[in-house]
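I sat down with this one to see how the chain is laid out and what stands out in it. My notes follow the structure.

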Amino acid sequence: MASESRTQRVGDQIQRELAAIVQQEMHDPRLGMITINEVKVSRDMAWADVYYTRMNDDLPGDSEKVLGGATGFLRSVLASRMSLRSIPRLRFHFDATAMHARKLDELIQNAVPAAGTADDQAAQDEES
């Protein structure tokens, strides 16, 4: 149980540090505006799966390629900022949760007025 909370704390710290590094030190225009949503660290602390989204864009584009190519740089900066025996290897994954949420919200918004008009029509029919 203690190792689970440690991996969670390490993941949270990696998330904070990566967000700052990407925002302040990476200036690749192909990256765009990204947000680090979550970092899941493996139990043996060898790997960290980093989930990110792009602002104003629902597709990963070149960002996964750019982040994958910068893993060495990112790990070295993390090593200087964190006091860990070894820094986990980073794997980047585009998080499409926000895109799916927007699509579901749009479907709900389109369905609600249709249901409301049917209820309104039924109420008018009863009154007549």
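These are my entries, going from the overall layout to single residues and then to the pocket.

**Layout.** First, a reminder to myself that I am looking at a predicted model. I went through the secondary structure and found four helices and three strands. Read from the N terminus, the order is α-β-β-α-α-β-α.

**Burial and surface.** I looked up how much of the protein is tucked away: of its 128 residues, 30% are buried. The exposed area comes to about 8,600 Å², and carbon and sulfur atoms supply 50% of that.

**Contacts.** I then took the contacts between residues at least 6 apart in sequence and asked what share join residues at least 24 apart. The figure is 62%.

**Aromatics.** I searched for ring pairs and got one aromatic pair in the structure. It is made by tyrosine 52 and phenylalanine 94, with ring centres 5.7 Å apart. Stacked or edge-to-face? The planes sit at 70°, and anything over 60 counts as edge-to-face, so that is what I wrote down. I also checked where the two partners sit: tyrosine 52 belongs to strand β2 (residues 47-54) and phenylalanine 94 to strand β3 (residues 89-94). With their positions 42 residues apart, the pair links distant parts of the chain. Both tyrosine 52 and phenylalanine 94 are buried.

**An odd phi.** Scanning the backbone, I stopped at methionine 45, which has a positive phi of about 60° without being a glycine. I traced methionine 45 to the loop between β1 and β2. Is this loop residue buried or exposed? Its relative accessibility is 14%, and the cut-off for buried is under 20%, so methionine 45 counts as buried.

**Largest pocket.** Last, I turned to the open space. The largest pocket holds about 240 Å³. I counted 14 residues in its lining, and those nearest the centre are Val22, Gln23, Gly32, Met33 and Ile34. Which elements supply at least two lining residues each? My note says α1 (2-25) and β1 (34-41). The largest share is from α1, with four residues. By class, the lining has nine nonpolar residues, four polar ones and one charged one.

**To come back to.** On the next pass I will reopen the view at the edge-to-face pair of tyrosine 52 and phenylalanine 94, then at methionine 45 with its positive phi, and then at the α1 part of the pocket lining.

Terms used
Residues numbered from 1 in each chain as written. Predicted model: local features only at pLDDT ≥ 70, side-chain atom pairs only at ≥ 80, totals over all residues. Heavy atoms only, no water. 1 Å grid on protein atoms, 1.4 Å probe; cavity = no way out; pocket = protein on both sides within 12 Å on 5 of 7 lines; lining within 4 Å. Points joined across faces, edges and corners; volume = space filled by probe spheres on them. Nonpolar A, V, L, I, M, F, W, Y, C, P; charged D, E, K, R; others polar. Buried < 20%, exposed > 50% of the residue type's maximum accessible area, 1.4 Å probe, protein only. Contact = heavy atoms within 4.5 Å. Areas by Shrake-Rupley, 256 points an atom, 1.4 Å probe, with all protein chains shown as cover. Phe/Tyr/Trp six-rings, centres within 6.5 Å; stacked < 30°, edge-to-face > 60°.
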